[in-house]
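Biologist: I'm new to this one. Can you bring it up and walk me through it?

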Amino acid sequence: MGRESSCNLLITGATGHVGFRTLIHALNAGYTVRAAVRSQAKANIIINHPQIKALNLGSRLSFIIVPEITYPYAYDEATRGVKYVIHIASPLMTGGDEIPLNEHDSHFIQPAVLGTLSMLEAAKKSQTVRRVVITSSVVAITPVAQMEGYERRSTPVLPTDRVVFESGPYETEFAAYANSKVAALQEAEAWIKREKPSFDVIHLHPAFIEGRNDLATTPREAMKGTNAVVLGIALGKDFGGFAGATVHNDDVARVHVQSLLPQIPGNRSYILSQQTRWDDAKDIIKRAFPDAVAKRRLPNCGSAHNIDIKFDSSLTERTFGFKHIGFEEQVKSVVGHFLEIRSRRRTTMQAASSDRRGSALVAAGQEVRANA
């Protein structure tokens, strides 16, 4: 990829798993980035990250505060003067059905739709934006019943497939999340057809995203998101069914940034996925981390049922000129980072304990001298 240091790029969702990795790829590619974040505290997380500090960016990274993406005109100021937009920010699942059923619409559907439409309207007003890249998902183009294994599918999912939006109430967070992606895609494409903007739009549809989350600093944070499936298997948790389709976070980030290049055809959808058997994670973990398995730091006895759905990512690989990173590297990335975090945490706790013991000995010595 060529370096285009003169261009200006807006990224939303840069404090998330995919967003931060995309930010790093964009900065390494030479882009000047404006990151839209919800608060200064969120901006500080990025500013103080070692990977960001190591890049010595100077003025190549700036921030704009967008506290609520559902507000009208939310992104008007953010898009001012930029040439490209990567819109990643959208509601994610909590992983435990923590959102009450009567709040699914306000938590998932409305922010996904209104945030996307607000970005498209702002890009149009800017008169400088050439391309908008939107992070969608394979769930936007695959019926929920098939993703959950209730309905079998005999043909591959294609990037041109579309799904009918189903309104709530929803029985699960997953159904609400999936329909938020369906609705956002549907509304975006209707807007494009109606408004005929001067810029083009690319929708990216990743499968389950696996790979180290560089913003995670605790084991609990590392377990969030779709990394939780691989880590759950490593830690002995049994799951229900998941579609056997995953993608490395680096592939997702790389394609987001490459999508900005003019030779990549716009106004299209691209699938990011490769076939996976979830329980293969156990063999990979045993080979890659034998010491952790032998010492039971990783029980490595969990399981996840595979739902067989094929996603046709051949267009993506042809267009972007790469082969998806396989499941083995995905697993090693996720589990390796988890063990790193655990090791650092253990070292920190041991150091703190040693300091406390040292302080106690000093205090005891002073007391002895005082009583002598």
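**Pockets, cavities and a small sheet**

Modeller: Here it is, and keep in mind that this is a predicted model. Let's begin with a pocket: the second largest one has a volume of about 160 Å³.

Biologist: Which residues lie nearest the centre of that second largest pocket?

Modeller: Pro72, Leu114, Leu117, Ser118 and Glu121 do, out of 13 lining residues.

Biologist: And which element supplies the largest share of the lining?

Modeller: H4, with six residues. Helix H4 covers 104-126, and helix H6 (173-195) also supplies at least two.

Biologist: How does that lining divide into nonpolar, polar and charged?

Modeller: Seven residues are nonpolar, two are polar and four are charged.

Biologist: OK, closed spaces now. How many cavities of 30 Å³ or more does a search find?

Modeller: Two, over the whole structure. The largest cavity holds about 90 Å³ of space. H4 turns up again there, giving the most to the lining with four residues. Strand E5 (131-135) and H6 each give two or more as well.

Biologist: What lies nearest the centre of the largest cavity?

Modeller: Thr116, Ile134, Thr135, Lys181 and Ala184, from a lining of 15 residues. That lining has eight nonpolar residues, six polar and one charged.

Biologist: What about the second largest cavity, how much space lies in it?

Modeller: About 40 Å³. Its lining includes Gly211, Arg212, Val334, His337 and Phe338. Helix H13 (327-371) and helix H8 (227-234) each give two or more residues. H13 gives the most, three.

Biologist: Arg212 is in that lining. What does Arg212 form a salt bridge with?

Modeller: Asp214, with the closest N and O atoms 2.8 Å apart. The whole structure has 19 salt bridges. Another one joins Arg21 to Asp250, at 2.7 Å between the closest N and O atoms. That pair links distant parts of the chain, with Arg21 in helix H1 (residues 17-28) and Asp250 in helix H9, 229 residues apart.

Biologist: Switching to strands. In what order do the three strands of the open sheet run?

Modeller: E7-E9-E11, with mixed pairing. Strands E7 (208-210) and E11 (274-275) stand at the edges with a single partner each, so one side of each has no neighbour in the sheet.

Biologist: In which sense do E7 and E9 pair, parallel or antiparallel?

Modeller: Parallel, over three bridges, with E9 spanning residues 245-248. Phe208 stands opposite Thr246 in E9. Helix H9 (residues 249-258) packs on this sheet and touches both E7 and E9. The direction of H9 makes about 70 degrees with that of E9.

Definitions and conventions
Residues numbered from 1 in each chain as written. Predicted model: local features only at pLDDT ≥ 70, side-chain atom pairs only at ≥ 80, totals over all residues. Heavy atoms only, no water. 1 Å grid on protein atoms, 1.4 Å probe; cavity = no way out; pocket = protein on both sides within 12 Å on 5 of 7 lines; lining within 4 Å. Points joined across faces, edges and corners; volume = space filled by probe spheres on them. Nonpolar A, V, L, I, M, F, W, Y, C, P; charged D, E, K, R; others polar. Pairing = 2+ DSSP bridges. Contact = heavy atoms within 4.5 Å. Axes fitted to C-alpha atoms, helices over the stretch in contact; angles between N-to-C directions. Salt bridge = Lys/Arg side-chain N within 4 Å of Asp/Glu carboxyl O.
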